[in-house]
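Visitor: I should like to understand how the descriptive terms applied to this model are justified. Could you take me through the reasoning?

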Amino acid sequence: MLVLPVRRRILIVDPSSTNRRVLREMLRELGHQVIEAKSTTEALSLISRDAIDLALVDLLAPEVGGPALCRVLRSHAATHLVPIILITDAPDADKESIGIAAGADDFLVRPMRTRVLRARVQSVLRRKSVLDSMDEAEAVLFSLAQSVEARDPALGQHCQRLALLSSTLGVAMGLPAPDLVALHRGGYLHDIGKVAVPDSILFNPGRLSEEEWRVMKEHPVRGEQICSGMKSLKSVLPIVRHHHERWDGSGYPDGLRREEIPLLARVLQIADIFDGLTRERPYKPAYTSEYSLQIIQEETATGWRDPLVVEAFSDIFPLFSSDDLLSRSSLQALALSLQEQNGWCVEDGRQDASRIQHAPVSEAM
Ligand SMILES: [Fe+2]
């Protein structure tokens, strides 16, 4: 499991001292600071004194309840980006949807397995780290990108995986640290333009009509427009605009060919396609890692992909051939070596300040 380098502050909100103690014990190994509240009122009092990085909230927390506490945290500028995981004693789809609608990031059911809880906690803390490394406007954009992902449960943690996959591929290709940061951020932002695509098109399991496909193909340009107002995202713009170009010029939006396509867009594209192929989508099953690589190699032979990027990907492919990519120990080792060599942190994309239907199934629209 990737270990976050920074000690984070986690708040447990639960009326049961037993539940709080169990959670505290399960989290102990992660090394974060854990504070406790018996009620929502006590929780708000603690939060008003010191900022927190994550709230683990019992669904039935006394006084206002878990979903209401979510809404309160989401409505205040100081807490609206704090991740919230709701916890309950029994699975209940209605309660889960109410909690998610109220702003919760995740939902867990007791009894929880320690590994699962730790993985979920680390996952949301990584996202929080990304947000913390940005200014407020950037953070809002990343939240917007997350909301695109949240519209489609089948995507899971696609953005997070893609940030890790593409920056790791960048390491293998020997790209400099600023490019790795751009790839990491591009992983989150590349499809932000899909906020402008209606659900009826985004979740259409069949072939898109010509008009629907025209709307879908606008998402890279829309995404570039959304991010273009931010100077700090300048290096990410080519990734957002050009991640659907093809090596032979048959892609979109600009039909660029070969090296005309920005290198970082070519790198992220391979990671994006691989992740799309290995996951179930409305229009296709999940393919095995091996078969997914084979498809990418066939598309390279067809002329669609950059052969050198695909070659680099093929070389490090075993790193990516895991269902549990985000907890791969080999990726952890890579992340740590990257951190040491470049003063750069894979988990949150920050650099040490001192060092400053008509598309193939492979293209995850
Ligand atoms: Fe896309």
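Visitor: How do you know that the span of helix H14 (residues 289-302) agrees with its number of residues?

Guide: In this predicted model, the 14 residues of H14 should span 20 Å at 1.5 Å a residue. The end C-alpha atoms of H14 are 20 Å apart, so the two values agree.

Visitor: Which residues of H14 are called buried, and what puts them on the same side of the helix?

Guide: Buried means under 20% relative accessible area, and in H14 this applies to Ser289, Ser292, Leu293, Ile295, Ile296, Glu299 and Thr300. They cover an arc of only 155° around the axis, which places them on the same side of H14. On the other side of H14, Ala301 and Thr302 are exposed.

Visitor: What makes helix H13 (residues 263-277) largely enclosed by the rest of the structure?

Guide: Of the 15 residues of H13, 14 are buried, so the helix is largely enclosed. From its first C-alpha to its last, H13 reaches 22 Å, close to the 21 Å expected.

Visitor: Why is the site of the iron ion called irregular?

Guide: The protein donors are Asp191 (OD), His219 (NE2), His243 (NE2) and His244 (NE2), at 2.1 to 2.3 Å from the iron ion. Four donors count as tetrahedral if all angles lie between 85 and 135 degrees. The angles among the 4 donor atoms are 84 to 174°, so the tetrahedral criterion is not met and the site is classed as irregular. For reference, the ideal angle for four tetrahedral donors is 109.5 degrees.

Visitor: How are the donor residues spaced in sequence, and what does the pair Asp191 and His219 tie together?

Guide: The spacing is D-x27-H-x23-H-H. Asp191 lies in the loop between helix H8 (177-189) and helix H9 (199-202), and His219 in helix H11 (residues 219-227), so the pair ties together parts that are 28 residues apart in sequence. Asp191 and His219 are both buried.

Visitor: How do you know that strands E1 (residues 9-13) and E2 (residues 33-37) pair?

Guide: Pairing requires at least two bridges; E1 and E2 are joined by 5 and run parallel. Ile12, for instance, has Glu36 in E2 as its bridge partner. The chain crosses from E1 through helix H1 (residues 17-27) to E2 in a right-handed β-α-β crossover.

Visitor: What joins strand E4 (residues 84-88) to strand E5 (residues 106-109)?

Guide: These parallel strands are joined by 4 bridges, and Ile87 stands opposite Leu108 in E5. Together with helix H4 (residues 93-101), E4 and E5 make a right-handed β-α-β unit.

Visitor: Why is Ser167 called buried, and where is its place?

Guide: The relative accessible area of Ser167 is 1%; the limit is under 20%, so Ser167 is buried. Its place is in helix H7 (residues 158-172). Ser167 and His184 are 17 residues apart in sequence, with their C-alpha atoms 5.5 Å apart in space.

Visitor: Why does Arg258 count as partly exposed?

Guide: Its relative accessibility is 39%, and partly exposed covers the range between 20% and 50%, so Arg258 belongs there. Arg258 is in the loop between helix H12 (237-242) and H13, and its phi is near 40°, a positive value in a residue other than glycine.

Visitor: Which residues does a cis peptide bond join, with omega about 10°?

Guide: That bond joins Tyr252 and Pro253; Pro253 lies in the loop between H12 and H13. A cis peptide bond also joins Arg110 and Pro111, with omega about -5°.

Technical notes: Residues are numbered from 1 along each chain as its sequence is written. This is a predicted model: local features need pLDDT of at least 70, side-chain atom pairs count only at pLDDT 80 or more; totals for chains, interfaces and linings use all residues. Side-chain values use heavy atoms; hydrogens and water are left out. Donors are N, O and S atoms within 2.8 Å of the metal (3.2 Å for Na, K and Ca); water is not among the atoms, so sites may look incomplete. Four donors count as tetrahedral if all angles lie between 85 and 135 degrees; four count as square planar and six as octahedral if opposite donors are over 155 degrees apart and all others between 65 and 115; anything else is irregular. Helices (H or I, at least four residues) and strands (E, at least two) are DSSP runs, numbered from the N terminus. Buried means under 20% relative accessible area, exposed over 50%, partly exposed in between (1.4 Å probe, protein chains only). A crossover is right-handed if, with the strands pointing away from the viewer, the path from the first strand over the helix to the second runs clockwise. The expected span of a helix is 1.5 Å times one less than its number of residues. The arc is that of the directions from the helix axis to the C-beta atoms.
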